[in-house]
Amino acid sequence: MFGGVVLKAKLLNAWGYQGNNLALPVEKVEASISFYETVMGFRVLSRSDAPHKSAILGRDSVKIGLSENGGDPTQDGCAFETDNAEALFAEFRSNGLEKDAPAFDIEQRDGISWKVFYVIAPDGLCYWCGERQTQAAPDEAKS
């Protein structure tokens, strides 16, 4: 927050846990959309009824798809790269995310340090939100 204004973070990339961020499984697409629009700042780009009821949502340069494809949402989700993890969490909270503390952590992925937090959507999908760190994490600096 800066002067009482929530700074808006950008989503830079998205990767589906099961390999496809455009076919994330949900039980009911229409019931899920509200959370993504209201809390996560996405907007509906398109809807389809075939081969499954689905919707493509977009925010910044990132697209995700929700699909009634029979998959288990509790076993899927998406990783988002953001330019500012703290601002993204603050934005989600100001938009109604019911999570008191972000529980930021530093994780290593493919030799890159990431400042991360997780969000579980009401539809069961899990989202990893990470910001690349340019400096070595404190534990790495000791080695």
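**Exercise 1. The β7-β8-β9 strands**

Which residue in β9 does Lys115 stand opposite? Determine also how β8 pairs with β7 and with β9 in this predicted model.

*Solution.*

Step 1. In β9, the residue opposite Lys115 is Glu131.

Step 2. The strands β8 and β9 are antiparallel and share 7 bridges. Their hairpin has 5 residues between the strands, and Gly124 adopts a positive phi near 100° there.

Step 3. On its other pairing, β8 runs antiparallel to β7, with 5 bridges joining the two. Here the hairpin has 2 residues between the strands, and the positive phi, near 50°, belongs to Asp110.

Step 4. Ser113, a residue of strand β8 (residues 112-120), is the bridge partner of Gln108. The side chains of these two residues are also joined by a polar contact of 2.6 Å.

Step 5. Ser113 has a relative accessibility of 7%; buried means under 20%, so Ser113 is classed as buried.

**Exercise 2. Two aromatic pairs**

Classify the ring pairs Phe80–Tyr127 and Phe89–Phe104, and state where each partner lies.

*Solution.*

Step 1. The model contains 9 aromatic pairs. In one of them, Phe80 and Tyr127 have ring centres 5.4 Å apart and planes at 5°. Planes under 30 degrees apart count as stacked, so this pair is stacked.

Step 2. Phe80 belongs to strand β6 (residues 77-82) and Tyr127 to strand β9 (residues 126-132); the pair therefore ties together parts separated by 47 residues in sequence.

Step 3. Phe80 is buried, at 0% relative accessibility. Tyr127 is likewise buried, and its relative accessible area is 0%.

Step 4. For Phe89 and Phe104, the centres lie 6.2 Å apart and the planes meet at 75°, so the pair is edge-to-face. Phe89 sits in helix α2 (residues 85-94), whereas Phe104 sits in the loop between α2 and β7 (105-109), and the two are 15 residues apart.

Step 5. The partners also fall into two accessibility classes: Phe89 is buried at 7%, while Phe104 is partly exposed at 30%. Over the face of Phe104 lies Lys115, 5.0 Å from the ring centre.

Step 6. Returning to Phe80 and Tyr127, ring pairs link these two residues with Phe35, Tyr36 and Phe42 into a cluster.

**Exercise 3. The surroundings of helix α2**

Which residues of α2 are buried, and what covers them? Describe also the two ends of the helix.

*Solution.*

Step 1. The buried residues in α2 are Ala85, Ala87, Leu88, Phe89, Glu91 and Phe92.

Step 2. The elements covering these residues include β1 (11-16), β4, β6, β8 and β9.

Step 3. To interpret the spacing of buried positions, recall that an α-helix has 3.6 residues a turn, so residues three or four places apart point the same way.

Step 4. At the start of α2, Asn84 places a side-chain oxygen within 3.2 Å of the backbone nitrogen of Glu86. After the helix comes Gly96, which has a positive phi near 115°.

**Exercise 4. The four-stranded sheet and helix α1**

What is the strand order of the open sheet of 4 strands, and which strands form its edges? Locate helix α1 relative to the sheet.

*Solution.*

Step 1. The order is β2-β5-β4-β3, and the pairing is mixed. The edges are β2 (24-25) and β3 (43-48), each of which pairs on one side only.

Step 2. Strands β4 (residues 54-59) and β5 (residues 62-67) are antiparallel over 6 bridges. Within this pairing, Ile56 has Gly65 of β5 as its bridge partner.

Step 3. Helix α1 (residues 29-38) lies across β3, β4 and β5, at about 155° to β5.

**Exercise 5. The chain as a whole**

How many helices and strands does the protein chain have, and in what pattern do they follow one another?

*Solution.*

Step 1. The protein chain has 3 helices and 9 strands. Along the sequence, their pattern is β-β-α-β-β-β-β-α-β-β-β-α.

Step 2. Of the 143 residues in the protein chain, 41% are buried.

Step 3. Taking contacts between residues at least 6 apart in sequence, 60% join residues at least 24 apart.

Technical notes. Residues are numbered from 1 along each chain as its sequence is written. This is a predicted model: local features need pLDDT of at least 70, side-chain atom pairs count only at pLDDT 80 or more; totals for chains, interfaces and linings use all residues. Side-chain values use heavy atoms; hydrogens and water are left out. Two strands pair if DSSP finds at least two bridges between them. Contact means heavy atoms within 4.5 Å. Axes are lines fitted to C-alpha atoms, for helices over the stretch in contact, and angles run from 0 to 180 degrees between N-to-C directions. Rings of Phe, Tyr and Trp (its six-membered ring) pair if their centres lie within 6.5 Å; planes under 30 degrees apart count as stacked, over 60 as edge-to-face and the rest as tilted. Buried means under 20% relative accessible area, exposed over 50%, partly exposed in between (1.4 Å probe, protein chains only). A charge sits over a ring if NZ of Lys or CZ of Arg is within 6 Å of the ring centre and within 35 degrees of the ring normal. A polar contact is a pair of N or O atoms within 3.5 Å; within protein, one must be able to donate a hydrogen and the other to accept it, and residues adjacent in sequence count only if both atoms are side-chain atoms.
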